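Colleague: I have a two-chain model open and would like to talk it through with you. Could you start with the rule you use for charged pairs, and then take me around the sheets and the interface?

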Amino acid sequence: MSFFRVENLGIRFGGVVAVDGVSFEVKKGEVFTIIGPNGAGKTTIFNLVCLIYPPDTGRVVFEGREITGLAPHRVAELGIARTFQNIELFEHATVLQNLLIGRHRHRRTRFWQDLLFTPAVREAELAQREAVERVIDFLELAKYRDSLVAGLPYGVRKVVELGRALATEPRLLLLDEPSSGLNPEETDDMAFWIEDIKKQLGITVLMVEHDMNLVSRVSDRVLALNEGRPIAEGTPAEVQSHPAVVEAYLGAA
Amino acid sequence: MTDLAQLLVAGISTGCVYALVALGFVLIYKATETVNFAQGDLMMLGAFFALTSSTVFGWPYWATIVFAAAVMAVVGMTVERIVIRPVLGHPAFTVVMITIGVGYVMRGIVTMVPGWGTETYQIPTPFAEAVWTAGGVVLPVQQLAVIAMTAALCAVLYVFFRFTRIGIAMQATSQNQLAAYYMGIPVRRVNMMIWGLSAAVAAFAGILLAPVTFVHSNMGFIGLKAFPAAVVGGFGSVPGAIVGGLIIGVVEALAGYYLPEGFKDVAAYVVVLLVLMLRPSGLFGETMRKKV
């Protein structure tokens, strides 16, 4: 049984074929990256995988179960978490509160228990807080713990979003351009986090990324897309030197 | 001095009703970015359900409150599911017009129901005509009860939003729907529950207002006063709605007593103009400064 598989995925918006016949497989424990020039359909694939809209053709299979057609809020409980290219945080909440919402799917206490704050609730809250503190330690967010997200610099918010995704304890983590908007130093940090997420936490990562430095540093395998179609797949070095990829990025010689 | 004290209590008690209706506006606005102009009519409908349970079923006052709030929660959720959800994503103007239409329909239905109609009714309360005297100040128990019950409801709502799973999910949904989805929050169902909560709060407000304006099919027009209250508080802020309601209530009471006749009705709007001039985002509004 494959861990995560996309089969013959396709979608069109009006007359534009955004994604056409894309298939790939992500193995447990690896970092799999989708690259491609602007408009290649990378983010669209992400949105299809996250069930924002249903595909016209094909299916998405996670841990042997077809997930296409499920409501988007079911994705988290399956064990899939994602970040967004343009950061989608709860702006008027603190970093800690944002991470705690990541624990939503792990919260089991009942309404009346919550209202009365019974001992069971207290115990559960402590456990949630502990799980969040582990993420805070892992990503070194301690000094921002009680800051409002709206006031934080872009680079930190990017890490907070990563933290919130980790707080859901996913088995598959989807990163949509983790380096976009980051300076070279922050991108370097991001590469470390991604490596640690893979090695220390054992979480499988599927990402879309532009920065080829970051891609070749952290990815085990790379899929290159152009105009909604796969053009090459393999190790970062193989894909980068593939003639079709060179042509897609630089134009025909 | 005694006049002032009595006016303040009267103003605060009216302000409580404005505050609760404004709270309904704000909850729905934050969740679905829709201004629900049927809020006043939800309140009216809630008062009629309370009336029926009180006069027809003969239930005690407290039971009528619970009954009306529960029925209205179902009504609110039904309205969201059947009328509002299909048009979400259309221009805000479309949705607003539909809520105005929903208000008209509710008023129409109420006049057609046997036993409701266009008459004016009274809901018996345990406070009736009792007064409470302290050092020359005569305060109707009715008004004090309204204030106490509003405070109690606010406390319950605070605990609800702060500690319960669904309350926190509601807050998350109103801040960022996309992110809420990927935290595993069923955003649509949560929005439906927000409509239910908002309608239940409106029913509560209707019952509190009943002794003042009596119950009739047009009592929902008080929404026109609650709307400025929400604006003063900075549309989108729950504490702002409460404070805004109290301010409008008190200013209205004072204007009615100290200023020439007629000022009472425009006082709310004068307050809105002043607040918007001094603090365009309202008293508790989130000031959005764009970083450049």
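Modeller: A salt bridge here is a side-chain nitrogen of Lys or Arg within 4 Å of a carboxyl oxygen of Asp or Glu. Please keep in mind that this is a predicted model.

Colleague: Fine. How many salt bridges turn up over all chains?

Modeller: Searching the whole structure gives 21 salt bridges over all chains. One of the pairs that meets the rule is A:R59 with A:E7, where the closest N and O atoms are 2.8 Å apart.

Colleague: And which strands do A:R59 and A:E7 sit in?

Modeller: A:R59 belongs to strand β4 of chain A and A:E7 to strand β1 of chain A, so the salt bridge ties together parts that are 52 residues apart in sequence.

Colleague: What is the strand order in the sheet that holds β1 and β4 of chain A?

Modeller: That one is an open sheet of four strands, ordered β2-β1-β4-β5 in chain A, with antiparallel pairing. Its edge strands are β2 (16-26) and β5 (65-66) of chain A, each of which pairs on one side only. Within the sheet, β1 (residues 4-13) of chain A is joined to β2(A) by seven bridges in the antiparallel sense, and A:R12 stands opposite A:V17 in β2(A).

Colleague: Which strands does helix α1 of chain A touch in that sheet?

Modeller: Helix α1 (residues 42-49) of chain A packs on the sheet through β1, β2 and β4 (57-62) of chain A, and the direction of the helix makes about 115° with that of β1(A).

Colleague: Moving on, what is the order in the six-stranded sheet of chain A?

Modeller: The six strands run β6-β7-β8-β3-β9-β10 in chain A, again as an open sheet, but here the pairing is mixed. The edges are taken by β6 (80-82) and β10 (229-234) of chain A, and each has a single partner strand, so one side of each is left without a neighbour in the sheet. On average, and ignoring direction, neighbouring strands of this sheet are turned by 15° against each other.

Colleague: Do you have a register for β6(A), and what packs on this sheet?

Modeller: β6(A) runs parallel to strand β7 (residues 172-176) of chain A, with three bridges between them, and A:A81 has A:L173 in β7(A) as its bridge partner. Helix α1(A) packs on this sheet as well, touching β3 (31-35), β6, β7, β8 (204-208) and β9 (221-226) of chain A, with its direction at about 145° to that of β7(A). Helix α10 (residues 243-250) of chain A lies across β3, β9 and β10 of chain A and runs at about 130° to β10(A).

Colleague: Now chain B. How do its strands β1 and β2 run, parallel or antiparallel?

Modeller: Strands β1 (residues 131-134) and β2 (residues 137-140) of chain B run antiparallel and are joined by four bridges, with B:V131 partnered by B:P140 in β2(B). The two strands form a hairpin with two residues between them, and in the turn B:G135 has a positive phi of about 55°.

Colleague: Last topic, then: how much area is buried between chain B and chain A?

Modeller: About 2400 Å² is buried between chain B and chain A, 66% of it from carbon and sulfur atoms. On the side of chain B, the residues losing the most area to chain A are B:R165, B:Y182 and B:M183, which together give 36% of what that side buries.

Colleague: How many salt bridges cross the interface of chain B and chain A?

Modeller: The rule finds zero salt bridges across that interface, whereas nine residue pairs are in polar contact between chain B and chain A. Helices α5 (141-163), α6 (165-175) and α7 (177-182) of chain B each supply at least two residues of the side that touches chain A, and the largest share, six residues, comes from α6(B).

Notes: Residues numbered from 1 in each chain as written. Chains lettered and ligands numbered in written order. Predicted model: local features only at pLDDT ≥ 70, side-chain atom pairs only at ≥ 80, totals over all residues. Heavy atoms only, no water. Pairing = 2+ DSSP bridges. Contact = heavy atoms within 4.5 Å. Axes fitted to C-alpha atoms, helices over the stretch in contact; angles between N-to-C directions. Buried area = accessible area lost by both parts, 1.4 Å probe. Polar contact = N/O pair within 3.5 Å; in protein donor to acceptor, adjacent residues only side chain to side chain.
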